[in-house]
Amino acid sequence: GKVIQPGKFPMNNPIDVVQALSLAGGFTPYAKSDSIRIIRRVGSSQKIMKFDYGKIADGKALETNILLKSGDTIVVP
């Protein structure tokens, strides 16, 4: 996605979405930080969770800053 250093990151300890975005170097100037999606496989299907960085930065919707699981994908359009 539109982060400075996209790629795979090992999870040696539990990390949340904000920490993962930080590991990726933050957003590029063209990132839509209000339209982030976390994709998680659940059995044979996928669960898509919305994440709005602006709300988190404002101290709102903190429950959306979930702990990531192995295999989760963060999409920053």
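Here is a short walk through the structure shown above, from its overall build to its core.

Let us begin with where the coordinates come from. This is a predicted model, so it is worth looking at the predictor's confidence before anything else, because where pLDDT is low, the predicted coordinates should not be read in detail. Here the mean pLDDT of the protein chain is 95, and 100% of its residues reach 70 or more. Confidence is lowest in helix H2, residues 53-57, where the mean is 95, and highest in strand E3, at 97.

Now for the layout. The protein chain holds 2 helices and 3 strands. Reading from the N terminus, you will meet them in the order α-β-β-α-β. Along its principal axes, the C-alpha trace spans about 35 × 25 × 25 Å. For 77 residues, a compact globule would have a radius of gyration near 11 Å, and the 12 Å of the protein chain agrees with this. The accessible surface comes to about 5,400 Å², with 52% of it belonging to carbon and sulfur atoms. As for the inside, 22% of the 77 residues count as buried.

The strands are a good place to look next. E1 and E2 pair in the antiparallel sense, over 7 bridges. Together they form a hairpin with 2 residues between them, and Gly43 in the turn has a positive phi of about 65 degrees. E1 also runs antiparallel to strand E3 (residues 73-75), to which 3 bridges join it. Try finding Arg37 to see both pairings from one residue: its bridge partner in E2 is Lys50, while its bridge partner in E3 is Val75.

From the strands we can move to the core. In soluble globular proteins, nonpolar side chains tend to be buried together. The largest nonpolar core in this model has 14 residues, and those touching the most other members are Val17, Leu21, Ile38, Phe51, Leu68 and Val76. Two or more residues each come from helix H1 (17-23), strand E1 (36-42) and strand E2 (45-51). H1 gives the most, with 3 residues.

Leu68 is a helpful core residue to zoom in on. Leaving aside neighbours within four places in sequence, Leu68 is in contact with Met11, Ile15, Asp16, Val17, Ala20, Ile38, Arg40 and Ile74. Two of these partners, Val17 and Ile38, were also in the list of core residues that touch the most other members. Looking over the whole protein chain, residues 24 or more positions apart account for 57% of the contacts with a separation of 6 or more.

To finish, step out to the segment before H1, where you will find Pro10. Is this residue buried or exposed? Pro10 counts as exposed because its relative accessible area is 64%, and the cut-off for exposed is over 50%. Pro10 also shows how the chain brings distant positions together: Pro10 and Ser70 are 60 residues apart in sequence, yet their C-alpha atoms are 8.7 Å apart in space.

Methods:
Residues numbered from 1 in each chain as written. Predicted model: local features only at pLDDT ≥ 70, side-chain atom pairs only at ≥ 80, totals over all residues. Heavy atoms only, no water. Core = buried A, V, L, I, M, F, W, Y, C linked by side-chain atoms within 4.5 Å. Buried < 20%, exposed > 50% of the residue type's maximum accessible area, 1.4 Å probe, protein only. Helix = DSSP H or I, 4+ residues; strand = E, 2+ residues; numbered from the N terminus. Contact = heavy atoms within 4.5 Å. Pairing = 2+ DSSP bridges. pLDDT = per-residue confidence, 0-100. Rg over C-alpha atoms; globule rule 2.2 N^0.38 Å. Areas by Shrake-Rupley, 256 points an atom, 1.4 Å probe, with all protein chains shown as cover.
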